[in-house]
Amino acid sequence: IVSLCWRSSNGAPTTGCHWADGYPLNVHIYTALLRSIFSTRDETLVLDEVDELLELMKKTWSTLGFNKPMHNMCFAWVLFEQYVVTNQVEPDLLRAAFTMLSEVENDVKKSNRDETYMKILSSMLVVMQNWAEKKLLNYHEYFNRGTIGGIDNLLPLGILATKILAECRRIETEEGKKGDVKVSDSSGNRIDHYIRSSMKSAFARINDNVKNATMGGRGEAYENLLQLAKETEDLAAQERELFSPILKKWHTTAGSIAAVTLHQCYGEVLKQHLAGTKMLNSEIVGVLQRAAKLEKVLVQMVVEDFDECGNGGKVIIREMMPYEVDTVTIRLLGQWIDERLKKGKKLLLSAKKTETWNPKSKTELYAHSAVELMALIKETVNDFFEIPIGVTEDLILDLAEGLEKIIEEYIIFVASCGSKQNYLPALPPLTRCNQDSMFSRFWKRASPCGVRVEDMHQLMTTKYQHPSPSTSIGTQCLYVRLNTLHYLITHIHSLDKTLAVSPRVLSRSRLSSRKQNVTSFSYFEQANQSIQSACEHVSEVAAYRLIFLDSSLVFYESLYAGSVTSSRLRPTLRILKENLTVLTTILTDQAQALAMKEVMKASFEAFLMVLLAGVPSRIFNRSDYEMIEEDFDSLKRVFCAIPEDVIQKEAEKAEGVISLMGQSTEQLIEDFSIVTCETSGIGFIGIGQKLPMPPTTGRWNRSDPNTILRVLCHRNDRTANLFLKKSFQLAKRNL
């Protein structure tokens with residue numbers, strides 16, 4: 001035993017007997033001695049005789065192979081250990097441990113460091129660091145308002161332990177014994193790491209708590225986001241009040257780091273929820289507005305640090321990627337508008353396939369598809385203003401533009417009913433009257449009782465003396481189309497008013513500037529113009545269908561057939577009046593005026609075509625002029641509901657043509673020759689020259705050479721017959 005006590009580590013002779021200086025026995029013996037400084041009654045208290053006890057313990061250094069650095073290291077460990085095992089209730093122990101650790105820091109900086117000492121110290125520091133960082137990396141869980149002072153004591157110890165450990169690692173590296181762990185000695189970096197880690201952990205806890213509180217569908221997910229934003233804001237307020245003042249002693253941007261971390265955490269959750277969102281609704285708007293409020297609070301925390309942190313604050317605030325609530329709102333609102341417009345287009349496509357133009361009901365004489373379309377548009381506008389966001393004029397214009405395109409496409413669909421040309425009869429070739437035609441001679445031979453040609457035509461039209469209304473189903477469907485257009489007009493006006501007077505609109509600067517250029521501004525100006533054009537078109541088509549198709553048998557085909565005296569206008573007028581009664585029964589009051597006017601124009605057109613293109617069954621004498629004039633006056637009186645000036649304007653053309661029928665054949669030939677020369681540009685007709693055949697324009701007028709020529713073609717007169725034969729070699733008319 002004696003020989004063992006006198007040995008040395010390297011075998012050289014020694015002057016001291018160190019029987020207990022081997023590691024780790026000597027350390028355990030010395031720490032056991034150090035623990036005797038604590039009271040047995042209250043282990044958190046240090047005995048008053050601590051100084052005397054420590055002096056006695058120094059006497060064991062030679063026996064245990066200890067020195068001052070080893071003593072400082074073990075004393076720091078014992079103080080730290082005692083703080084832990086006594087449930088961390090006495091902060092003075094932790095402060096004392098920090099004081100001794102400061103002495104250890106000075107010892108490490110000195111040269112001639114023993115390898116065993118460095119190894120023991122590193123192990124001790126790793127334990128202290130891990131214990132401290134376990135709390136510091138999640139300080140929101142370990143500290144509260146009542147224990148906040150503990151972090152003020154723990155933080156210096158943890159940072160110092162990390163710093164000394166980094167120095168130990170550096171020394172080991174220099175000596176070729178690279179440590180297993182790289183440790184940064186930057187207190188700023190460690191504080192930054194502590195704050196970010198603890199904030200993320202705290203946020204994760206409140207997020208889990210919110211999720212566990214309500215396990216529901218998407219609607220509850222939005223409620224969760226609102227609750228999470230509130231609790232995140234509360235967490236930020238707690239950080240600013242309790243922890244940031246302490247942490248700023250070590251890191252001037254502590255508050256900013258906490259705010260940025262929370263901003264990023266909530267931003268990630270918000271982004272995940274919005275990723276599956278395609279349209280805007282009140283729940284999403286509420287979430288976005290709450291996110292904007294939270295972002296404002298967090299940005300304010302960063303701003304408050306600016307004065308203290310200088311350029312560091314600018315660096316940190318760059319980490320705050322804005323939630324861009326306004327941009328997201330506009331994007332989602334745009335998607336919402338697009339989705340509603342898609343519904344409108346889908347409904348329009350369905351209408352094109354299924355619409356029959358039957359009245360919706362006896363009291364609602366318009367298309368069912370129009371009711372569905374306008375209901376959808378009205379619902380879209382109402383829902384648009386129900387979204388709790390600040391509506392700008394640009395947004396309204398975007399919505400109105402999309403709705404207007406759908407309305408215009410529907411208007412085009414309603415107006416797709418052909419044209420008046422579909423119903424106008426083809427103009428027969430020009431022929432000359434034949435007073436004694438082959439047909440007439442045959443009729444005379446076959447009728448020994450002496451029935452005249454005029455009597456034959458009178459017999460053919462007898463069945464039309466007691467006519468009934470002739471408005472076809474197709475024409476009534478056109479009336480439904482016309483009612484539908486006026487239904488659109490009414491609802492577009494209502495939509496315009498809703499968009500124009502809504503109090504939700506933030507600014508109407510562009511609207512005001514546009515109002516300066518026009519007397520009455522409309523969001524659906526183009527649609528209104530399209531509807532007016534469509535009303536005119538449908539009214540015209542309906543009128544020409546009524547006159548030239550439905551009433552053709554009693555009008556164009558029968559009027560003046562054979563002779564004027566035997567086929568007057570009276571039966572036609574009765575039918576026309578009945579048809580007008582049907583028109584006023586089906587059409588709305590707003591649609592009647594234009595429709596009636598178009599029927600009048602079509603009737604005048606049909607009357608002119610009877611006079612000018614009624615071959616082969618019409619021949620006229622000059623003496624028929626007064627009866628024809630009287631019939632036309634009767635026709636005008638049918639439309640007495642129309643203003644007199646409008647009737648007179650539309651009748652001027654027909655009255656001019658009728659006046660030609662009262663002129664002598666010679667006068668007609670003279671007028672025709674003059675007008676033909678003027679319009680053709682030849683000036684006058686030389687000897688041996690013939691008049692050119694005037695083109696058929698269809699624009700009947702008493703000064704039109706083709707109109708005069710047609711009057712001559714229908715004139716039952718020898719002079720006219722010879723003129724037409726000589727000038728144009730027109731064929732004889734076959735009855």
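Trainee: Before we look at Arg-568 and Asp-631, what is a salt bridge here?

Mentor: A salt bridge is a side-chain nitrogen of Lys or Arg within 4 Å of a carboxyl oxygen of Asp or Glu, and in this predicted model Arg-568 forms one with Asp-631, the closest N and O atoms being 2.9 Å apart.

Trainee: Where do Arg-568 and Asp-631 sit along the chain?

Mentor: They link distant parts of the chain, 63 residues apart, with Arg-568 in the loop between helix H22 (525–550) and helix H23 (570–586) and Asp-631 in helix H25 (residues 625–638).

Trainee: Is Asp-631 buried or exposed?

Mentor: Asp-631 counts as buried because its relative accessibility is 4%, whereas Arg-568, at 26%, counts as partly exposed.

Trainee: Switching topic, how many salt bridges does a search of the whole structure find?

Mentor: The search of the whole structure finds 25 salt bridges, and one of them pairs Arg-35 with Glu-81, with 3.0 Å between the closest N and O atoms. That pair also links distant parts of the chain, since Arg-35 lies in the loop between helix H2 (25–34) and helix H3 (50–58), while Glu-81 belongs to helix H5 (residues 68–85), 46 residues apart.

Trainee: And are Arg-190 and Glu-133 buried or exposed?

Mentor: Both Arg-190 and Glu-133 are buried, and their side chains meet in a salt bridge at 2.4 Å, N to O. Arg-190 is in helix H10 (residues 187–213) and Glu-133 in helix H7 (residues 115–136), 57 residues apart.

Terms used: Residues are numbered from 1 along each chain as its sequence is written. This is a predicted model: local features need pLDDT of at least 70, side-chain atom pairs count only at pLDDT 80 or more; totals for chains, interfaces and linings use all residues. Side-chain values use heavy atoms; hydrogens and water are left out. Helices (H or I, at least four residues) and strands (E, at least two) are DSSP runs, numbered from the N terminus. Buried means under 20% relative accessible area, exposed over 50%, partly exposed in between (1.4 Å probe, protein chains only).
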